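Trainee: Could you take me closely through a single part of this model, one residue and its surroundings, and then show me how that part sits within the rest?

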Amino acid sequence: MKRVAKTKENLKKCRCSDCPSYTLGCKLKNYPLNFVRMIDGLDNLEHFEGMFCAYGASTCIAEDKGCLCEDCAVFHENALNRAEYCLPTQKNSARCQGAQCQA
Ligand code: SF4
Ligand code: SF4
């Protein structure tokens, strides 16, 4: 898997904002902050609440209610191989769930 580029083009293709796992509460919490973060330029950001395959797990999304990654162009263009990039994968995280949790 190659590194997903943190670009506006990829962000436009990202399906996370339409995903049922990205709850309204998380959107209300994160969208204003995301707007401020974007001023620094997407490529300079350590974290962004969206395009989770590039920025890592969400600090808000906690439950798998479905995932649209496999319908996303970024997923196919970058040969990604799993879903729910918004959810943590560390077993010791309280928010980790299901088979993706690893030690
Ligand atoms: S990574 Fe997948 S599950 Fe998470 S918000 Fe994006 S599309 Fe939904
Ligand atoms: S693969 Fe998933 S996390 Fe990555 S840009 Fe697409 S919808 Fe967003």
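Mentor: Once its neighbours within four places in sequence are left aside, C53 is in contact with V4, V74, L80 and Y85, where contact means that two C-beta atoms, placed from the backbone, lie within 7 Å. This is a predicted model, in which local features need pLDDT of at least 70 and side-chain atom pairs count only at pLDDT 80 or more, while totals for chains, interfaces and linings use all residues. Residues are numbered from 1 along each chain as its sequence is written, and chains are lettered from A and ligands numbered from 1 in the order in which they are written.

C53 has its place in helix α3; helices here are DSSP runs of H or I with at least four residues, strands are runs of E with at least two, and both are numbered from the N terminus. C53 counts as buried because 21 other C-beta atoms lie within 10 Å, the cut-offs being 20 or more such neighbours for buried, 12 or fewer for exposed, and anything in between for partly exposed. The C-alpha atom of C53 is 9.9 Å from that of N78, a residue 25 positions away along the chain.

C53 also belongs to the surroundings of ligand 2, where 13 residues form the shell and the closest are C14, C53, C69, C72 and V74; a residue is near a molecule if its C-beta atom, placed from the backbone, lies within 6 Å of it. Both α3 (52–55) and α4 (73–77) supply at least two residues each to this shell. Its make-up is 12 nonpolar residues, no polar ones and one charged, with Ala, Val, Leu, Ile, Met, Phe, Trp, Tyr, Cys and Pro counted as nonpolar, Asp, Glu, Lys and Arg as charged, and the others, Gly among them, as polar. Around ligand 1 there are 14 residues, the closest being C16, C19, S21, C67 and C86, and that shell divides into 11 nonpolar, one polar and two charged.

C53 appears again in the largest nonpolar core, a group of 17 residues in which C16, M51, F52, C53 and C86 touch the most other members; such a core is a set of buried Ala, Val, Leu, Ile, Met, Phe, Trp, Tyr and Cys residues joined through C-beta atoms within 7 Å. The elements giving two or more residues to this core are α3 and α4, and its largest share, three residues, comes from α3.

M51 lies in the loop between α2 (24–38) and α3, and it is buried because 26 C-beta neighbours fall inside 10 Å. M51 has a positive phi of about 45° although it is not a glycine, whereas most residues other than glycine have a negative phi. A79, in the segment after α4, is likewise not a glycine and has a positive phi, near 50°, but A79 is exposed because it has 8 C-beta neighbours inside 10 Å. In helix α4 itself you will find A73, which is partly exposed because 13 other C-beta atoms lie within 10 Å. The C-alpha atoms of A73 and N10 are 8.4 Å apart, with these positions 63 residues apart along the chain as the separation.

For the wider setting, the protein has four helices and zero strands, and 23% of its 103 residues count as buried. Among contacts with a separation of 6 or more, 61% join residues 24 or more positions apart.
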